[in-house]
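Please open the model in a viewer and keep the selection tool at hand. The tour below proceeds from one selection to the next.

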Amino acid sequence: MTDLKNISQHRAIGAFVCIAALAALVLWLPNDVDSGLIEKVRRRYQIGDLLAPVVALATILAGGSWLLLSKDHQPVGDLNGPVRAILISLAVIALSLVLMRWGGPASVWIGEAAGLVEAGTGYRPLRDTLPWKFIGFLTGGTVMIWALSAIADGGWTWRRLATAFLIAFTIGAVFDLPFEDLVLPPNGDV
Amino acid sequence: MGVLDHIFLGFDAVLYGSGVVPVLGIGIPLPLLMVFLGLVTGIVVGSIPGLAGPMAMAVALPILISIFGYETSAFLPVLGFLIGIMKGATAGGAVPAILFNTPGTPDALLTTLDGYPMTRKGKAFKALRVAHFSSVSGDSVSDIVLFIGAPFLAIMVESYLDLPEKAALILLSLCFIAAIVGKPVGKGLIAVGLGLFFATIGTGEDFYPRLTGNIVELSGGFPIACAILGTLVIGEVFTALYEMRGEIINHGRLVRHKIAGDNSLPLAEKRQLLGYILPSAAIGTTIGALPGIGSTLAATLGYSTAKRRHDARHPDDQAQRFGSGVPQGVAATEAANSAVSGANLIPVLSLGIPGNAAAVFLILAMDSINGLNPSPSVFKFPSSGANPEMVMAFGLFTLMAVANILNWAGGLQVMRLMGNMIHIPKQILLPSVLLLTIAGVYVQDTNLLSVIWLVLFGIMGFVMRLCTIPILPFVIAFILTGPLERTARQAFSATGGDPWFLFSSPICVMLMAGSLFVLVYFARKPTS
């Protein structure tokens with residue numbers, strides 16, 4: 001059996017996009033678009049909603065077929081590295097977004113439990129006040145910068161953490177302090 | 001009212017239309033101040049390896065709209081800032097290419113070929129001077145052509161191009177970008193197809209938004225900023241983070257070379273460089289004026305044309321050949337890629353077709369703010385009174401000229417200053433750009449779902465880069481899908497439902513034949 005790593009890169013990409021485009025053409029489009037390629041409305045012919053996606057997929061098919069027929073012999077190579085890299089980056093971003101979304105509400109709950117905030121207040125009435133409105137963005141943003149940079153060069157240091165905090169604070173300040181209308185994440189959603 | 005009246009009204013709009021800001025006791029028209037701030041921002045951003053003009057434009061746009069609003073009075077200050085960034089970043093991009101051999105854009109890659117060898121010879125400041133002089137000269141030539149040519153070309157477009165021709169022209173520009181940027185053409189076509197496809201999701205004229213799979217959140221389509229910033233910026237961040245580990249191991253820290261000998265650029269040498277700058281500027285201007293083609297091709301053609309000419313003059317002298325650190329190599333590249341920016345506004349203003357990523361953000365700004373809607377009618381003379389859109393267009397041209405003058409006067413000093421300051425480690429810079437972009441997208445939509453779309457388009461950008469599928473055709477196709485579908489629908493109806501409406505006139509046939517020709521021509525050329 002041929003090893004996937006040794007297949008020509010162009011042919012692998014070509015085969016993948018052709019199969020995906022054909023599957024979309026046959027399975028997805030007919031079930032998810034109301035009108036046809038051409039429609040007759042009030043006795044006049046009009047272009048239907050189906051035409052544009054069909055043209056798009058036909059273009060992808062043409063490009064994929066072009067690659068399938070090309071003479072490139074460069075092998076696909078090892079995919080473990082990039083797959084691992086993107087999964088790690090996504091995990092860090094997901095964790096940061098969770099902290100960003102829940103950091104503020106969690107701190108208010110803790111504040112309520114500690115008696116710093118009146119019980120039952122919740123995050124929503126405080127989301128436009130200091131320091132609550134910054135907590136989620138700063139926590140998530142600091143973790144995002146710290147973890148992604150440290151994964152890249154192995155620099156898991158307190159100094160790097162402080163730098164990440166400073167950068168997140170600066171970005172937050174650039175958007176929030178001068179402009180009353182701009183809302184930092186997640187304060188528009190909660 | 002004639003052309004001259006509109007030009008004067010354009011000056012007037014710049015000077016008095018958006019208010020005056022006191023700076024050190026002197027009243028400065030707001031659009032001029034914004035051009036200055038945009039230019040400095042652009043040079044700073046362009047000088048930092050890993051950042052680029054479109055990134056800064058993307059982050060700045062929502063902030064600018066938040067400050068100035070959507071009214072007509074906001075048009076010139078916002079566009080002035082964006083134009084300043086565009087021009088500043090083009091010039092500033094030469095700084096990391098010359099000093100650290102780290103090009104931030106594909107255009108700057110060609111600047112490294114002679115710029116970095118000059119640095120290694122101790123001529124870094126001279127290389128910066130050549131880059132600045134050539135960049136601003138190329139830009140000035142292009143702006144003059146824009147000033148003179150845009151109204152006439154737009155009128156010509158209006159009189160010769162009807163709806164079927166406009167649809168055919170958009171198709172031609174998509175084929176151009178697929179053929180030129182795609183290596184091979186098949187990858188360019190895949191990128192264009194993906195851009196067209198993603199832009200059709202959640203849009204259309206039926207009651208049910210197409211291709212949404214009943215997901216309510218998709219019923220308005222993908223937010224344009226998420227698609228563009230995701231693939232362009234976040235995809236680049238993911239790719240750079242992935243590549244960085246190996247880079248740090250292989251290359252270690254950035255190497256700084258000492259300055260040695262005379263680094264000045266005397267007048268006689270400038271005059272001699274003009275022999276390389278002017279042909280490159282002509283190439284850049286011509287390419288910029290064509291819809292859908294970017295500055296990378298201009299830089300490549302400018303460099304290769306000058307190289308052929310220069311190397312033929314010095315067949316035996318290896319030290320004088322392009323690639324060995326000759327100022328002419330830097331001049332040819334910088335003049336060509338900078339000359340694209342002015343002429344690029346011709347298809348942007350008259351047809352709404354962007355030629356590069358920076359123009360995409362100019363169109364987004366024009367779509368968001370009242371004042372000018374890109375179309376041939378921008379340069380139409382009314383039967384009485386003034387055309388307010390033409391006044392705005394000439395106001396925009398005035399701001400471009402001001403940006404050039406400011407760049408001539410102080411751009412080099414900012415570039416030199418940045419050369420001494422850029423020590424931000426890439427591994428910290430890139431996650432910071434990620435957070436900045438997330439914040440920038442969120443303040444526009446105030447919805448975490450937009451952030452999730454942004455990251456998903458980032459993954460798509462990463463995969464496309466991994467497969468060497470170009471991003472620019474995707475972005476331009478995404479932008480042009482709406483205008484293409486709208487024009488095609490109108491053309492089909494206007495021709496009475498003729499299925500051959502794209503071949504309904506000789507111009508249509510020429511444009512469609514041109515589309516096929518560029519695909520076939522570039523497919524036959526061997527890829528390097």
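Are helix 3 of chain A and helix 18 of chain B roughly parallel or roughly antiparallel to each other? The model is a predicted one, and the tour begins with this pair of helices.

**Between the chains.** Select residues 80-114 of chain A, which form helix 3, together with residues 448-466 of chain B, which form helix 18. The axes of the two helices come within 12 Å and cross at roughly 170°. Angles over 145 degrees count as roughly antiparallel, and helix 3 of chain A and helix 18 of chain B are therefore roughly antiparallel to each other. Next, display the side chains where the two helices meet. From helix 3 of chain A, select Pro82(A), Ile86(A), Ile93(A), Leu97(A) and Arg101(A). Their counterparts in helix 18 of chain B are Leu448(B), Val451(B), Val455(B), Ile459(B), Phe462(B) and Leu466(B).

**Chain A.** Colour residues 4-69 and 80-176 separately: the domain assignment makes the former domain 1 and the latter domain 2. The centres of these two domains of chain A, taken over C-alpha atoms, lie 41 Å apart.

**Chain B as a whole.** Now show chain B alone, which contains 20 helices and two strands. Along the principal axes, its C-alpha atoms fill a box of roughly 70 × 50 × 50 Å. The radius of gyration of chain B is 23 Å, which agrees with the value near 24 Å for a compact globule of 528 residues. Of those 528 residues, 62% count as buried. Among contacts in chain B between residues at least 6 apart in sequence, 78% join residues at least 24 apart.

**An enclosed helix.** Select residues 30-47 of chain B, which are helix 2. This helix has 18 residues and reaches 26 Å from its first C-alpha to its last, close to the 26 Å expected. Because 15 of its 18 residues are buried, helix 2 of chain B is largely enclosed by the rest of the structure.

**Two residues of chain B.** Centre the view on Leu229(B), in helix 10 (residues 224-251). Is Leu229(B) buried or exposed? Leu229(B) has 29 C-beta neighbours inside 10 Å and so counts as buried. Beyond residues up to four places away in sequence, Leu229(B) touches Ala58(B), Ile234(B), Thr437(B), Val441(B) and Leu454(B). The C-alpha atom of Ile438(B), 209 residues apart from Leu229(B) along the chain, is separated from that of Leu229(B) by 9.4 Å.

Finally, move to Asp12(B) in helix 1 (residues 3-16) of chain B. Asp12(B) is partly exposed, with 14 other C-beta atoms within 10 Å. Between the C-alpha atoms of Asp12(B) and Trp500(B), 488 residues apart along the chain, the separation is 47 Å.

Methods
Residues numbered from 1 in each chain as written. Chains lettered and ligands numbered in written order. Predicted model: local features only at pLDDT ≥ 70, side-chain atom pairs only at ≥ 80, totals over all residues. Helix = DSSP H or I, 4+ residues; strand = E, 2+ residues; numbered from the N terminus. Expected span 1.5 Å × (residues − 1). Buried ≥ 20, exposed ≤ 12 C-beta atoms within 10 Å, placed from the backbone. Domains from an automatic or database assignment. Rg over C-alpha atoms; globule rule 2.2 N^0.38 Å. Contact = placed C-beta atoms within 7 Å. Axes fitted to C-alpha atoms, helices over the stretch in contact; angles between N-to-C directions. Parallel < 35°, antiparallel > 145°, perpendicular 65-115°, else oblique.
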